[in-house]
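Grab a coffee and open the viewer. Below are some exercises, each with a worked solution that goes step by step.

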Amino acid sequence: FDGDLSVLENEDIGTVLGLSYKLFTQSQKIGRIDFADEKILVRNVALGRIGIGIGNPTSLAKFAREQGLENHIRVIAPPVERTPLFTDFSKKPGHEDLARRFSTALEAFKETPAFREIMKRHGLK
C-alpha cells in the first residue's frame, strides 16, 4: 500500500465494532467488516480471513504476540487510516479518583515538549 486509496476499492477492511474511521466517510467503495475487538481482528488478519485491518499498531502488536501470531501480520506504511485516537472516561460513580488523577496527569502532559511534538506532527494547535 502506497497511500493511494483507490487500490483498496472493492476490498473489505477489518475494523473494531463501535469505532469510527474517517476512511469510510471518504470512500463508499471500500467495505468494512466489524470485529468485536482488536484481538479477534488480529486473528482474522493473521489467518488470512481478511487482508487488512485497522487499529492501534501498539495494541495490534500486543494481541498478535499474545496469540503467537506476530509473524503473520505487519504494520503497513503509510497507514490506511489516519484518524486521531482519542481516549475518554465516563463519570461512573466510584471512579472519581481515577478520573481526577487522569485529568491531572493529562494537564501536566499537555505542558511537555512531547505533547507539543505530537500536536505539531499531526498539524494541530
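Helices (H or I, at least four residues) and strands (E, at least two) are DSSP runs here, numbered from the N terminus. This is a predicted model, so local features need a pLDDT of at least 70, side-chain atom pairs count only at pLDDT 80 or more, and totals for chains, interfaces and linings use all residues. Residues are numbered from 1 along each chain as its sequence is written, and side-chain values use heavy atoms, with hydrogens and water left out.

**Exercise 1. Get your bearings: list the elements of the protein chain and check the confidence.**

Solution.
- Step 1: Count the elements. The protein chain has 5 helices and 3 strands.
- Step 2: Read along the sequence, and the pattern comes out as β-α-β-α-β-α-α-α.
- Step 3: Look at pLDDT, the predictor's confidence in each residue, from 0 to 100. The average for the protein chain is 87, and 94% of the residues score at least 70.
- Step 4: Rank the elements. H2 has the highest mean pLDDT, 96, and H1 the lowest, 80.
- Step 5: Box it up. Along the principal axes, the C-alpha atoms fill roughly 45 × 30 × 25 Å.

**Exercise 2. Work out the strand order of the sheet, and why E2 and E3 each have a side without a neighbour.**

Solution.
- Step 1: Set the rule. Two strands pair if DSSP finds at least two bridges between them.
- Step 2: Apply the rule. The 3 strands make an open sheet in the order E2-E1-E3, with parallel pairing.
- Step 3: Find the edges. E2 (31-35) and E3 (52-53) each have a single partner strand, so one side of each is left without a neighbour in the sheet.
- Step 4: Zoom in on one pair. E1 (residues 12-16) and E3 run parallel and are joined by 2 bridges. In this pairing, Gly14 sits opposite Gly53.

**Exercise 3. Describe how helix H2 sits on the sheet and what marks its ends.**

Solution.
- Step 1: Place the helix. H2 (residues 38-46) lies across E1, E2 and E3, and runs at about 155° to E1. Axes here are lines fitted to C-alpha atoms, for helices over the stretch in contact, and angles run from 0 to 180 degrees between N-to-C directions.
- Step 2: Pick out the buried side. Buried means under 20% relative accessible area, exposed over 50%, and partly exposed in between (1.4 Å probe, protein chains only). In H2, the buried residues are Glu38, Leu41, Val42, Asn44, Val45 and Ala46.
- Step 3: See what they meet. The buried residues of H2 pack against E1, E2, E3 and H3.
- Step 4: Check the start. Asp37 caps the N-terminal end, with a side-chain oxygen 3.1 Å from the backbone nitrogen of Lys39.
- Step 5: Check what follows. After H2 comes Gly48, with a positive phi near 80°.

**Exercise 4. Is Asn44 buried or exposed, and what does its side chain reach?**

Solution.
- Step 1: Find the residue. Asn44 is in helix H2.
- Step 2: Read its accessibility. Asn44 has 10% relative accessibility, so it counts as buried.
- Step 3: Look for a polar partner. The Asn44 side chain reaches the backbone oxygen of Ile40 at 2.8 Å.
- Step 4: List contacts, meaning heavy atoms within 4.5 Å. Leaving aside neighbours within four places in sequence, Asn44 is in contact with Phe35, Arg49 and Ile50.

**Exercise 5. Map the largest nonpolar core and say which elements feed it.**

Solution.
- Step 1: Define it. A nonpolar core is a set of buried Ala, Val, Leu, Ile, Met, Phe, Trp, Tyr and Cys residues joined through side-chain atoms within 4.5 Å.
- Step 2: Size it. The largest one has 17 residues, and Ile13, Leu23, Phe24, Ile30, Leu41, Ile54 and Val80 have the most contacts inside it.
- Step 3: Trace the elements. E1, helix H1 (23-26), H2 and helix H3 (57-66) each give two or more residues to this core.
- Step 4: Follow one member. Not counting residues up to four places away in sequence, Leu23 touches Leu5, Ile13, Ile30, Ile54, Val80 and Glu81.

**Exercise 6. Track down the backbone oddities at Asn10 and Pro78.**

Solution.
- Step 1: Recall the norm. Most residues other than glycine have a negative phi, and most peptide bonds are trans.
- Step 2: Check Asn10, in the segment before E1. Its phi is positive, near 65°, and Asn10 is exposed, with a relative accessible area of 70%.
- Step 3: Check Pro78, in the loop between H3 and helix H4 (96-109). The peptide bond from Ala77 to Pro78 is cis, with omega near 0°.

Note on methods:
Polar contact = N/O pair within 3.5 Å; in protein donor to acceptor, adjacent residues only side chain to side chain.
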